[in-house]
Amino acid sequence: MRNLTALALVLASAGAAHAIPLSSLLGGASITAGDKVFDHWALNFYGASDGRTFNADNIDVTPLNDGGMDPGPGLHFSVLNGEFNVTGDGLYAYLDTSFGFRISVLDPGKLIKDNSLILTDGFVTNLGDNGFYIRETIGTAAGLDDLGVKEVEFSWLDGTGLISNLTDVANFTPMQSIWVTKNILVWATGIDETASLQGFEQRFSQQEVPEPASLALLSLGLVGLGVARRRRS
């Protein structure tokens, strides 16, 4: 078995904060981490080779209020009750889902700048062709990727070996709000193979912007400096 649990454990702050089931968020609720609010949650699609349906009650979303300016506040996703587990069927077993949400600032002096995605918990067993993968887009509107694309993966492929890309980052100019869309794929082939995604998290770094009064004082200072230079000349 190959697992990544020991590589990146859930932060202590995640365990102390209050988790909200993804089902509540998809039902219209929002969650706040630091001064960032996460709302407009939507399930885009879900499909599984075994015909099962998606139970969003099995995904807990916990705000990460630590992190300061960088890596900033964020969310931890805990997958419960084997919701993202797949056992091979001898051909190609999979589950494929996508959901998205919006992130906005409550404090206009702290804009969103850059975003990271990290796989924190999961495993693959009886290695052959099995694993899990998340592709995430960041955009100025729902479904867009104009601010960046991130990809993380933990899998095994005969002939290639272990793929362990646990972290990815998207860099963009400071924004008051952004939209995130996640596409999650978990798969296994042989009947003795299993893949299980159990946890991932993301952070949203911040950049302070001067208050209007500070900008006015700065402008006056620059004007004064220009006058002084002209007098000296």
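## A buried charged pair

K150 is buried, and E136 is buried too. Keep in mind that this is a predicted model. These two residues form a salt bridge, with their closest N and O atoms 2.5 Å apart. The contact links distant parts of the chain: K150 belongs to strand β11 (residues 148–157), while E136 belongs to strand β10, and 14 residues separate them.

E136 also has a second lysine to talk to. Its side chain meets that of K182 in a salt bridge, at 2.3 Å from N to O. K182 sits in strand β14 and E136 in strand β10, so this pair ties together parts of the chain that are 46 residues apart in sequence. Here again both partners, K182 and E136, are buried.

## The sheet around it

Now for the strands themselves. The model has an open sheet of 7 strands, and reading across it the order goes β3-β4-β8-β14-β10-β11-β12, with antiparallel pairing. The edge positions go to β3 (31–33) and β12 (161–165); each has a single partner strand, so one side of each is left without a neighbour in the sheet. Going from one strand to the next, the twist averages 20°.

As a general reminder, strands of a sheet pair through backbone hydrogen bonds, in either a parallel or an antiparallel way.

## Where β10 meets β14

How many bridges join strand β10 to strand β14? There are 9 bridges between β10 (residues 129–139) and β14 (residues 177–188), and the two strands run antiparallel. If you want a spot to look at along this pairing, try T137, which stands opposite T181 in β14. The salt bridge from K182 in β14 to E136 in β10 links these strands as well.

## Other salt bridges

The structure holds 8 salt bridges in total. Besides the ones on E136, there's a contact between the side chains of K113 and D114, with 3.1 Å from N to O. Is each partner here buried or partly exposed? K113 is partly exposed, having a relative accessible area of 26%. D114, on the other hand, is buried, with a relative accessible area of 13%. The cut-off behind those labels is simple: buried means under 20% relative accessible area, so D114 makes it and K113 doesn't.

There's also a small network to look up in the structure: D66, E201 and R203 are linked to one another through salt bridges.

Terms used:
Residues numbered from 1 in each chain as written. Predicted model: local features only at pLDDT ≥ 70, side-chain atom pairs only at ≥ 80, totals over all residues. Heavy atoms only, no water. Pairing = 2+ DSSP bridges. Helix = DSSP H or I, 4+ residues; strand = E, 2+ residues; numbered from the N terminus. Axes fitted to C-alpha atoms, helices over the stretch in contact; angles between N-to-C directions. Salt bridge = Lys/Arg side-chain N within 4 Å of Asp/Glu carboxyl O. Buried < 20%, exposed > 50% of the residue type's maximum accessible area, 1.4 Å probe, protein only.
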